[in-house]
Amino acid sequence: GQPLSHLLLFLEMYLPALGKLRVAVADPARVVIKAVTAYWHNSIQMVTIVIERLLTYRVLDLPALVEWLVTEPVAKDFTKSYPWELLHHALGKAMSRVAVVERDLKALQENQTAAPRGVDRALIEEALNRTRRDLQALHILFFRRMAALLSAHLVKCEGDHTDYRTPWYFCATSRLLSVGRRYREDLQPCLPELREIAQQADPRLRAVFEDIEAIPPFHTPVS
């Protein structure tokens with residue numbers, strides 16, 4: 001509708017200013033996300049649309065978004081769908097970047113004799129390694145922050161002498177397992193780091209990580 005088209009035009013108009021913000025502020029991503037969520041606090045749909053568009057414009061980067069998604073203010077909304085939709089959007093973008101470079105490399109390998117002049121296979125392979133590392137780093141960031149968040153919940157419940165098995169806790173651990181199942185194929189190179197995270201986490205969380213590792217890897221289609 002018109003409000004959405006006006007919003008997108010507004011964002012495009014102020015892209016230069018948002019670009020300068022990245023230089024002027026120490027943590028621009030957090031400033032932008034905080035402003036977006038404060039302004040549209042009554043419309044999660046608008047928050048999702050704006051953040052996705054800011055990712056497309058590269059005003060926000062994927063690590064900043066994933067890190068924000070696993071903070072206490074957002075954790076309160078873990079029973080809602082929007083944090084997980086944004087997480088899947090971020091991981092999907094990272095997976096798409098890997099897939100694009102993989103296709104470029106495959107095309108070059110299949111048509112090596114007819115490769116365009118100036119196409120450097122080493123550069124494409126370097127780009128592929130970089131995008132794969134970026135994807136793995138996102139996964140590790142998410143699981144590390146989730147383990148810390150859930151461990152903090154357990155510690156607080158012990159200190160308050162309350163039952164930690166709240167609806168929020170069951171929802172968060174269920175979502176954690178669901179993310180592990182959905183991206184199990186991409187998590188394969190991250191298993192050493194995930195084992196380390198599990199060992200450092202509260203013992204009650206280790207079963208979740210063990211369940212994720214026990215899931216057979218399968219190909220995850222890029223959406």
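The legends below describe close-up views of a predicted model.

**View 1. The whole chain is helical in its assigned elements, with 12 helices and zero strands.** The protein chain has 223 residues, and 40% of them count as buried. About 13,000 Å² is exposed, of which carbon and sulfur atoms supply 55%. Among contacts with a separation of 6 or more, 72% are between residues 24 or more positions apart.

**View 2. Confidence varies between the elements of the chain, from helix α2 with the lowest mean pLDDT to helix α9 with the highest.** The mean is 66 for α2 (residues 15–24) and 95 for α9 (residues 167–182). Over the protein chain the average pLDDT is 85, and 85% of the residues score at least 70.

**View 3. Helix α8 runs from residue 121 to residue 160.** Its 40 residues reach 59 Å from the first C-alpha to the last, close to the 58 Å expected at 1.5 Å a residue. His161, just after α8, takes a positive phi of about 60°.

**View 4. The largest nonpolar core holds 66 residues.** The members that touch the most others are Trp68, Phe142, Phe143 and Met146. Helix α8 gives the largest share of this core, 13 residues. In soluble globular proteins, nonpolar side chains tend to be buried together. With residues up to four places away in sequence not counted, Met146 touches Val70, Phe78, Trp84, Ala172 and Leu176.

**View 5. Trp68 lies in helix α5 (residues 62–69).** Trp68 counts as buried because its relative accessibility, 11%, is under the 20% cut-off. Leaving out residues up to four places away in sequence, Trp68 touches Ile33, Thr37, Ile51, Val74, Tyr82 and Leu86. Pro83 is 15 residues from Trp68 in sequence, and their C-alpha atoms are 9.6 Å apart in space.

**View 6. Asp77 sits in the loop between α6 (72–75) and α7 (82–110).** Asp77 has a relative accessible area of 17% and is therefore buried, the limit being under 20%. The side chains of Asp77 and Tyr82 are joined by a polar contact of 2.7 Å. Apart from neighbours within four places in sequence, Asp77 is in contact with Tyr82 and Pro83. Tyr82 is also one of the residues that Trp68 touches.

How values were computed. Residues numbered from 1 in each chain as written. Predicted model: local features only at pLDDT ≥ 70, side-chain atom pairs only at ≥ 80, totals over all residues. Heavy atoms only, no water. Helix = DSSP H or I, 4+ residues; strand = E, 2+ residues; numbered from the N terminus. Expected span 1.5 Å × (residues − 1). Core = buried A, V, L, I, M, F, W, Y, C linked by side-chain atoms within 4.5 Å. Buried < 20%, exposed > 50% of the residue type's maximum accessible area, 1.4 Å probe, protein only. Contact = heavy atoms within 4.5 Å. Polar contact = N/O pair within 3.5 Å; in protein donor to acceptor, adjacent residues only side chain to side chain. pLDDT = per-residue confidence, 0-100. Areas by Shrake-Rupley, 256 points an atom, 1.4 Å probe, with all protein chains shown as cover.
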